[in-house]
Amino acid sequence: MYDVAIIGAGVIGTGIARELMRYQLKVIMLEKENDVADGTTKANSAIVHAGYDAPFGSNKARFNVEGNAMFDQVCKDLDVHFKQIGSLVLAFDEEDRPTLEELLENGKRLGVPGLEIIEADRIREIEPNVSHTAVAALWAPTAGIVGPWELAISYAENAMDNGAELRLNTEVTAIEKKENKFVLTTSTGDVEAKLVVNASGLHADDIYNMVAESEFTINPRRGEYFLLDNEVSDLVNTVVFQCPTKMGKGVLVSPTVDGNIIVGPNAEDVETKDEINTTAEGLAFVREKAKLTIEELPFHMTITNFSGLRAEPSTGDFIVEESKQVLGFVNVAGIKSPGLSSAPAIAVYVAETICVGILGADAKKNPAFNPKTRKKLRFEGLSDEKKEDLIRVEPSFARIICRCETITEGEIVDAIHRNAGARTINGVKRRCRPGAGRCQGGFCGPRVVEILARELKISPMEVELEGKDSHILVGETKGGAGE
Amino acid sequence: MKAYDLIVVGGGPAGLAAAVEARKDGVEDILVLERDRELGGILQQCIHNGFGLHVFKEELTGPEYAERFIDELKELGIEYRLDTMVLDINDERIIHAISKAEGFVTLEAKAIILAMGCRERTRGALAIPGYRPAGIFTAGTAQRYLNMEGYMVGKKVLILGSGDIGLIMARRMTLEGAKVLGCVELMPFSGGLTRNIVQCLNDYDIPLMLSHTVTDIQGKDRVQGVTVMKVDENRQPISGTEIQFDVDTLLLSVGLIPENELSKGAGVQLDMRTRGAIVNESMETSVPGIFACGNVLHVHDLVDWVTDESRRAGKFAAKFIKESEIIEETSIETVPGQGIGYIVPQRVRPSQVNQVLELFMRVRDIYVGQTIVVRVDGKEVQAKRRGHMAPGEMERVKVPVSLFDGPGVKKITIDVEDR
Amino acid sequence: MEERKMICISCPIGCHLTVTEENGEYVVEGNQCKRGEVYGKKEMTDPTRVVPTTVKIRGARLRRLPVKTHIPLSKPLIFEAMKLINMVEVEAPVKVGDIVIENILDTGVNIVATRSMKRVE
């Protein structure tokens, strides 16, 4: 029997797992997809918000400000890309100035450091490419950018390094509350646990409904994005938001930690929880709105589009609490924006205050807990001398697989064999980026298939792009037997 | 640091021809760097026929064409390294490269020939809405899987774009038992060679849908369907024209882009039109001693012209190495006028042209019975009528040096005119 | 009198041909060279195509060897020929031009290797 079963291995579930491993607990992460970080975590703006806009007293406000302050340390420990580049909220009209002032006041009250309203000349100094129609902006120096899936993957890895278990392709289909435990029926067999943490993102209401009548619903709200080539990486230096107006919230233009530019999102309520498609209208909307921030955005440098679904809670705020109906069942639900920014704080709160609080004396400190992941070797960016040294020790770092991003075979093999390692093409891409560049895997795709097949000891025809039915190859030529 | 007279970056058709030519012109010390596990480049996966009619006066397949040059390279004893990736090149002609065999190496050359080829445009670059499942391939990637690795990428296929590789893959996949439901082209004309439409589509009753495009992709794991719509003259989808295709695969043949990341690092000036280097009549880039040829310079439709161009690069690189002098001469600019997309070379030094200057260009539209007019500083010097011109087929124009070699000449302009 | 319009595929120029038949005689128009005339007539009587494809190979680094018909094959026979080609498996080493299948379907057409492949152990 497990002490804690966590349903969902996104950035919330994996973060909680990792923080629970500071105690001598038996923890399992149950993930219905083929990889961790496969839901909302893999498709969002990748922003660590400063935390000035949520209402005082809300969970959102509290966890965002706390979470923001934790990022530096967490990302150092987990070897995750994080850059505290600051953010601007642009006002394009004097009429919008009061909105900036409200945000400033709210932020100050919440304890967000360094906020100030700056004028057009300072905006231009920070962001020379921003539209000249911007009259003022709220400057938030503590905002940043992070690799969102990177964070979740590293959380999962570190949790596993410290003894947690991960079960992929495991969908929870029923939950039974017994006297002192829960029995979870899953697609890969039953799991028993003293506590259940419901971190199932968009599906948190469905999962909760398995043990109680849920007090909340989670509604999918889609956002669509453009990702631009790193050749235009100096377009903006900070996260650039637009002032919310009666015309809507606006879209952001921001660098990513990988040197691309991200533009988006729109916001559209959709019917089902798997509509992660982009639409002509959605993309056109983003394109149009973004022009307000930068008049001549180089959309011809787009390398990909994607969409993500926000888990919009009916309550309007994050739900982070033990169920009052079902003791021992912990809901961590409705974690929409600023969910990523709040993740480190939510993880600690759920693990230490809620779970350890319930388990009491059963949860002893784990003296062997190691907060650090093993360093990820990245060939690109090393000095010439370091490159030479690395290749001498490990020749597989001398074989470049992805030429757009300069990713070596050694990095890919390492990404496969780590805890919570890559099992799919997109899994490899999210861990070390082959295929994330301008050719989008045209050249390296076949090579990555070959490496995955070799390292996982499977046929190339069994290699998946992402989900468990997303095979790339359907058979052999010459009428060979396929699947 | 090891020094060579000439380093050729890329061992595909361009690099091979350039290296062989330079050796024949007396350069002893040549090194070819190839990132793949074998020489020949993209030709090794282009197993179809249609190569070599100009260079060898016979019709060869891609691998046969490549093998002739590989054999010649080996007979001439030219040094080459496989599985070797060039990391960067600078304007002092210092190259950093890595390989499993030799690790991290620094090389120096008196001259460098850039022959890195091109890459395919992707779905992302087109911003096609829809899901992002498995089963969307660029035609070239699918070609590699099928022809070299022996795997099928799908069973029911739609092709977007009528570039040559897409057309060739329509036939290849059909021969291997897949059903190709159609080839969809945004423009009102095909981007590929006419002969490929005949022998790859018409022969197998595969419809070519001009002025259509893909507007949606369905399927969460693997492609399950693709929506195609007719487009108006502004290339915008016309509502109500949706056609649903029940396919598991979408191949993209929507253009090729010269791979010039290394060139940029070396400070080579690029032409916005070709996305390749700006070169002069000797195929020399804006950085003295660095030459470029083949698809890294501009996208060709026939390998024979790649060979021609690369031989020229090899010849002039040899001359540069032997004479090691920079010719101080004002270049004449070539200017693409009406109806012309680009011209290569972009600059010409008359003293370096051997009697006839050969200009390569692409037209912007389909033209029947129109005239290519050459003007030198605005004065017409040559006009030749062409039966049929299309953007998918590169045009060559020969201009005798006597027509433009004069004091103070600034530009050669080429227009397509209806006469 | 029968008239057919077609595009010559003998070379990349792709001449637009008009072939007319009268009493068993074919007249080709629109061609720029002799090969166009030959193609036009052939297309009316016995259309043929070079068939480039692959066969399985053992003992080489790649799993497929590119091959082609050494001369054009009668068009209606292409799929039947493919069935035979798909059944073949060759053993490395192979030299370019090696015959993989001789006289396929009794047509006098050979299937030949279009590249050399070394043996790798």
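**Notebook: strands, a helix and two interfaces**

I began with a single pair of residues: Thr371(B) stands opposite Arg385(B), which lies in β26(B). I kept in mind throughout that this is a predicted model.

**Entry 1: the sheet around that pair**

I looked up which strands hold the pair together. Strand β25 of chain B, residues 367-376, is joined to β26(B) by nine bridges, and the two pair in the antiparallel sense. Next I asked what order the strands of this open sheet follow in chain B. I read it as β23-β21-β28-β25-β26, five strands with mixed pairing. The edges are β23 (347-348) and β26 (379-389) of chain B, each of which pairs on one side only.

**Entry 2: where chain B meets chain A**

How many residues of chain B are in contact with chain A? I found 40, and they touch 43 residues of chain A. On the chain B side, the elements giving two or more residues are β7 (94-99), β8 (103-114), β9 (118-120), α3 (123-126), α4 and β11 (151-152). Of these, α4(B) gives the most, with six residues. I also sorted this side of chain B by residue type: 14 are nonpolar, 13 polar and 13 charged.

I then noticed some strand pairing that goes from one chain to the other. Strand β23 of chain A (residues 475-476) and β11(B) pair in the antiparallel sense over two bridges. Here Gly475(A) stands opposite Met152(B).

**Entry 3: a closer look at α4(B)**

Is α4(B) mostly covered or mostly open? I noted it as mostly covered, with 10 of its 11 residues buried. Among the buried ones are Ala139(B), Arg144(B), Tyr145(B) and Met148(B). After the helix comes Gly150(B), and its phi is positive, near 80 degrees.

**Entry 4: where chain B meets chain C**

I turned to the contacts with chain C. Here 21 residues of chain B are in contact with 20 residues of chain C. I met α4 (139-149) of chain B again: along with β3 (49-51), α2 (62-75) and α6 (194-201), it supplies at least two residues to this side of chain B. Which element gives the most to the side that touches chain C? My note says α6(B), with four residues. By type, I wrote down eight nonpolar, eight polar and five charged residues on this side of chain B.

**Entry 5: the start of chain A**

I moved to strand β1 of chain A, residues 2-7, where six of the six residues are buried. β1(A) runs parallel to strand β12 of chain A (residues 191-198), with five bridges between them. It also pairs in the parallel sense with strand β2 of chain A (residues 27-30), over four bridges. I used Val4(A) as my marker: its bridge partner in β12(A) is Leu195(A), and in β2(A) it is Val27(A). From β1(A) the chain crosses through helix α1 (residues 11-20) to β2(A), and I recorded this β-α-β crossover as right-handed.

**Entry 6: chain A as a whole**

I stepped back and counted 12 helices and 23 strands in chain A. Its C-alpha atoms fill a box of roughly 60 × 60 × 45 Å along the principal axes. Why does chain A agree with a compact globule? Because a compact globule of 483 residues would have a radius of gyration near 23 Å, and chain A has 23 Å. Of those 483 residues, 59% count as buried. Last, I checked contacts in chain A with a separation of 6 or more: residues 24 or more positions apart account for 72% of them.

Definitions and conventions. Residues numbered from 1 in each chain as written. Chains lettered and ligands numbered in written order. Predicted model: local features only at pLDDT ≥ 70, side-chain atom pairs only at ≥ 80, totals over all residues. Pairing = 2+ DSSP bridges. Contact = placed C-beta atoms within 7 Å. Nonpolar A, V, L, I, M, F, W, Y, C, P; charged D, E, K, R; others polar. Buried ≥ 20, exposed ≤ 12 C-beta atoms within 10 Å, placed from the backbone. Right-handed = clockwise from strand over helix to strand, strands pointing away. Rg over C-alpha atoms; globule rule 2.2 N^0.38 Å.
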